[in-house]
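Me: I would like a close look at a single part of this protein, followed by how that part sits in the rest of the chain. Please keep to plain words.

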Amino acid sequence: MKRAVVTGASSGIGAATVRALREQGWSVVGVARRADRLAELAAETGAEVFAADLTKQADVDALHDFLARSGGVSALVNNAGGAMGLDTVEHGSIDDWQWMYDINVLAVKRVTSALLPLLRASVEPGGSADILTVSSTAGHYSYEGGGGYNAAKFAVHSMIEVLRLELSGEPIRVLEIAPGMVKTEEFSLNRFRGDAGRADSVYENVPDPLSADDVAATIVAMLGMPPHVSLDLVVIKPVAQSSVYKVARGPLVVRSPETE
């Protein structure tokens, strides 16, 4: 049975990915800071869980030791991350920028470095191991107010590309999924420091923004490809979002020739 580690597993895309992998028969270790949320997820899915703050090296080292003792790991899903604020570069909070860099970039580096030896050890003849990182369209396209989050996600995208080059010749797939507009219970709420009205306005009148389950299903599909197939970068957006700059609000309708 393949064993996956999913970070940021206490909510949103991470929790949905744990559920989706378990439904496909994977052994899964969900990792997050909030032990109470993890306990609920474990009871629901049968997944193993491990509470850790991935911005702390000691916690990441403890995660490595736990995995080494308990069966190793064949796939790592780097999902932990987040945005804080929508301020200009000029007025953005250094503390917010520091937090975004710590969780979106340095945490991914810490966990990847720590678990690579275990991933290598898991590879069987004809098989592969996987490092799949959840980035964002914000790591590919800049937008006003996104300075800190753009900087962090561009950095992690570049790190993933470098890692893929550095692991060339090894049976380890380095994968990236870059979601666009995904409506989860916490992402925008955290970004706007609990301002529910402002968080809800992001998705107001947008027909069918992506759900965490949509992204999780795509992650499972990426991991489930034959070992010789690498989906290096998958950009996933709702149909209503043609780009980070253009989102349709209101029903999607087919244009008649007379309106062209």
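Reply: The answer starts with one helix, goes on to the whole chain, and ends with a few single residues.

The model is a predicted one. The part chosen is helix H2, which covers residues 35-45. Which residues of H2 are buried? They are Leu 38, Leu 41, Ala 42 and Thr 45. A residue counts as buried when its relative accessible area is under 20%, and as exposed when that area is over 50%. Looking down the axis of H2, one finds the buried residues within an arc of 100 degrees, so they line one face of the helix. The face turned away from this buried side carries exposed residues, namely Asp 36, Glu 40 and Ala 43.

What do the buried residues of H2 pack against? Their partners are helix H1 (12-23), strand E2 (27-32) and strand E3 (48-51). Just after H2 comes Gly 46, whose phi is positive, at about 80 degrees.

One of those partners, H1, leads to another glycine. Gly 25 lies in the loop between H1 and E2. With a relative accessibility of 37%, Gly 25 counts as partly exposed. From Gly 25 to Leu 76 there are 51 residues in sequence, and their C-alpha atoms are 16 Å apart in space.

Now the chain as a whole. H2 belongs to a protein chain with eight helices and nine strands. The radius of gyration of this chain is 19 Å, and the globule rule gives 18 Å for 260 residues; the two are close, so the chain is as compact as a globular protein of that length. Along the principal axes, the C-alpha trace spans about 60 × 45 × 40 Å. Of the 260 residues, 48% are buried. Among contacts with a separation of 6 or more, 69% join residues 24 or more positions apart.

The surface and the charges can be described briefly. The accessible surface of the chain is about 12700 Å², and carbon and sulfur atoms account for 53% of that surface. The chain has 23 positive and 32 negative charges, and the mean positions of the two sets are 2 Å apart.

Next, a residue from another helix. Met 222 is part of helix H8, which covers residues 212-223. Is Met 222 buried or exposed? Met 222 is buried, with a relative accessible area of 2%. Leaving aside residues up to four places away in sequence, Met 222 touches Leu 132, Arg 173, Leu 175, Glu 176, Ile 177, Leu 231 and Val 234. Val 234 is twelve residues from Met 222 in sequence, and the C-alpha atoms of the two are 8.8 Å apart.

The last two residues come from the loop before H8. Asn 205 lies in the loop between helix H7 (196-201) and H8, and Asp 208 is also placed in the loop between H7 and H8. Asn 205 has a phi near 65 degrees, a positive value in a residue other than glycine. Asp 208 is not a glycine either, and its phi is positive, at about 55 degrees. Asn 205 is exposed, with a relative accessible area of 53%. Asp 208 is exposed too, at 66%.

To return to the helix: H2 has its buried residues lining one face, while Asp 36, Glu 40 and Ala 43 are exposed on the face turned away.

Definitions and conventions. Residues are numbered from 1 along each chain as its sequence is written. This is a predicted model: local features need pLDDT of at least 70, side-chain atom pairs count only at pLDDT 80 or more; totals for chains, interfaces and linings use all residues. Side-chain values use heavy atoms; hydrogens and water are left out. Buried means under 20% relative accessible area, exposed over 50%, partly exposed in between (1.4 Å probe, protein chains only). Helices (H or I, at least four residues) and strands (E, at least two) are DSSP runs, numbered from the N terminus. The arc is that of the directions from the helix axis to the C-beta atoms. Contact means heavy atoms within 4.5 Å. The radius of gyration is taken over C-alpha atoms; the globule rule is 2.2 Å times the number of residues to the power 0.38. Accessible areas come from the Shrake-Rupley method with a 1.4 Å probe; for residues, only the protein chains shown count as cover. Lys and Arg count as positive and Asp and Glu as negative; His and the chain ends are not counted. The place of a charge is taken as NZ of Lys, CZ of Arg, CG of Asp or CD of Glu.
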